[in-house]
Amino acid sequence: MERNDDPNCPHHLRHDRAPDIDPGHVRPHVPILRYDDLYYCFADLVIGPVLPTVQLTLPSFAKDRRGKLYVRERSLIGFYPQNDGPEDVVSIKPVPICHRTVMDTTLMTYGQWVREYRDLPGTPFYSSTYDDGDYCKRASRYDADGAEAQEHAMFYFEEAMRAHADMFGTTESLSDWERQQHHDCLKLAEILFRHAAGRGNARAWLALGRIYDDDLNHGDYFDSCYTASIKGQPPIIEQPPLPERARICFERAATLGDAEALAFLGDLRLEGRTCRRDARRAFALYEEAYARGGGPGQVRHAQAAAALRLARCYEYGVGCAVDTAKALTLYRYAQDHLADIATKNPWWYLHAHAEAADEIAYLTNPPIHLAVGDTDAIAKVSYTPITKYLPTLERMDDFGTTHIGMDWFFYNDDVIRFMDAVSRFAEEHPELGARNYLGFLEASILSTPIDNVDPADCDARTVFLMIFYGVRQERFCTGLLNDLLRAGTIQRWLRRLAQLDEERMSAEAAQP
């Protein structure tokens, strides 16, 4: 078996170097996750207060008889951080490991603790074996910009996604042992990304944001005795929930100048996750990401990732006026410039690249019924023919029945009249784009479940097309509209339409 013991090997795994042999049942004798006794301290809600030194191992790959890669064994190659020379370590005025001890004794206020960590000559650390007390007396200047930690993190992340997952980064079809390898690589990558982020690396902050946003490790992330609940006691430092953690990471990356992070902040703003939904603000963030993405120091695909999002907005009028020509130009740019990263990181970019190609084909040869949204016409639409059903639907306790022995739901006459009115209204107002309502909603709310969208943060067109979704999808998922009605979701959407109608009429009456 050909070995790959070079610690400077490229991030991507060399598929061509692994021979075709039968794996048997060999388990690597060196585990992926192993901590040393040095702990590095960061006064940060996301990455701190302590991160362990980690042992670094290099996998040797082989192929089984089906041609699938697996790890034959692992070799220990070092530690991160290393602190090899005397120039790496400096003495500092003692600073607390945390603002409270593991015995819950307050050493100082949280704010003062954060201030104590500013402007230090390096990263404070202590040894759990040799150091006494709750203070750090030394700091490390090793890997000051986090570039080495970022490099190691990317290696283990790519091992998880390439060698221990399918092409989309999922593990459902794998064995328990393969899933454990995937989990351990991701957890080690997370720790190393946190080390790099703590040292000011913008791309590490972005990677952490994506890991937490997608919850790649299913909620199992590094916890120290300061951030974990021990013996039923609450953690000393309460880390934010994962969605909030992701937002903080994207904000930190954007503050450090990363353009792609702005695009992800735009996604959060469009979905209304951890913030109020605001399509115009999301569009502005995409524009800023696109403008900054072509600047120095940015990864090549940053501008293309923003271009894809802008193209969606222009195609459907999300946060801006519809402009099909601009959308087509931006989709083409995204397709061309996402091709390389979609091959290297398919779990994150293959779908985006395919979407750009599909939309180019759709806009180049549009169906006859493709409606271009007229912003002025949309603004003048009155939704009274729909909202007049609100009092009736609010009074109803029972909207229909399920036929015994048939997988079908039969609605009451009032609900059927409402459904017919919604369908007729959509045909009478083609400017609303109901013919492609799924595309519009996907562009407008991304992955947010439709019943989780707050209608107070939506314009009238979006609210109507959500109602239309409930009516139209009833054909494919019987009882869906009943669920939305029983939950009061349709009623909330109708109340929002009525409110927007009143605001529109008041504004028109106030004009000279």
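**Helix α6 and its surroundings**

Modeller: Of the 512 residues in this chain, 52% are buried. The model is predicted.

Biologist: What makes a residue count as buried, partly exposed or exposed?

Modeller: The relative accessible area decides: under 20% is buried, over 50% is exposed, and partly exposed lies in between.

Biologist: Why is F155 called buried?

Modeller: F155 has a relative accessible area of 8%. The cut-off is under 20%, so F155 is buried. F155 sits in helix α2, which covers residues 147-163.

Biologist: How far apart are the C-alpha atoms of F155 and D457?

Modeller: They are separated by 41 Å, and the two residues are 302 apart along the chain. The whole set of C-alpha atoms fills a box of roughly 80 × 60 × 55 Å along the principal axes.

Biologist: Which domains does the chain have?

Modeller: The domain assignment gives domain 1 (54-214), domain 2 (257-364) and domain 3 (375-510). Between the C-alpha centres of domain 1 and domain 3 there are 48 Å.

Biologist: How many helices and strands are there?

Modeller: The chain has 18 helices and eight strands. Helix α6 is made of residues 259-271.

Biologist: How do you know what span to expect for the 13 residues of α6?

Modeller: The expected span is 1.5 Å times one less than the number of residues. For α6 that gives 18 Å, and the helix reaches 19 Å from its first C-alpha to its last, so the value is close to the expected one.

Biologist: Why is α6 described as largely enclosed by the rest of the structure?

Modeller: Because 12 of its 13 residues are buried. Among them are A259, L262, F264, L265 and L270. Charged letters appear in the list too, including E260, D267 and E271.

Biologist: Which helices do the buried residues of α6 pack against?

Modeller: They pack against α4 (202-214), α5 (242-255), α7 (279-293), α8 (302-316), α10 (346-364) and α15 (437-445).

Biologist: What makes D258 a cap for the N-terminal end of α6?

Modeller: A side-chain oxygen of D258 lies 3.1 Å from the backbone nitrogen of E260. A polar contact needs N or O atoms within 3.5 Å, so the distance of 3.1 Å meets that limit. Just after α6, G272 takes a positive phi of about 75°.

Biologist: What share of contacts join residues at least 24 apart?

Modeller: Among contacts between residues at least 6 apart in sequence, the share is 69%.

Note on methods
Residues numbered from 1 in each chain as written. Predicted model: local features only at pLDDT ≥ 70, side-chain atom pairs only at ≥ 80, totals over all residues. Heavy atoms only, no water. Helix = DSSP H or I, 4+ residues; strand = E, 2+ residues; numbered from the N terminus. Buried < 20%, exposed > 50% of the residue type's maximum accessible area, 1.4 Å probe, protein only. Domains from an automatic or database assignment. Contact = heavy atoms within 4.5 Å. Polar contact = N/O pair within 3.5 Å; in protein donor to acceptor, adjacent residues only side chain to side chain.
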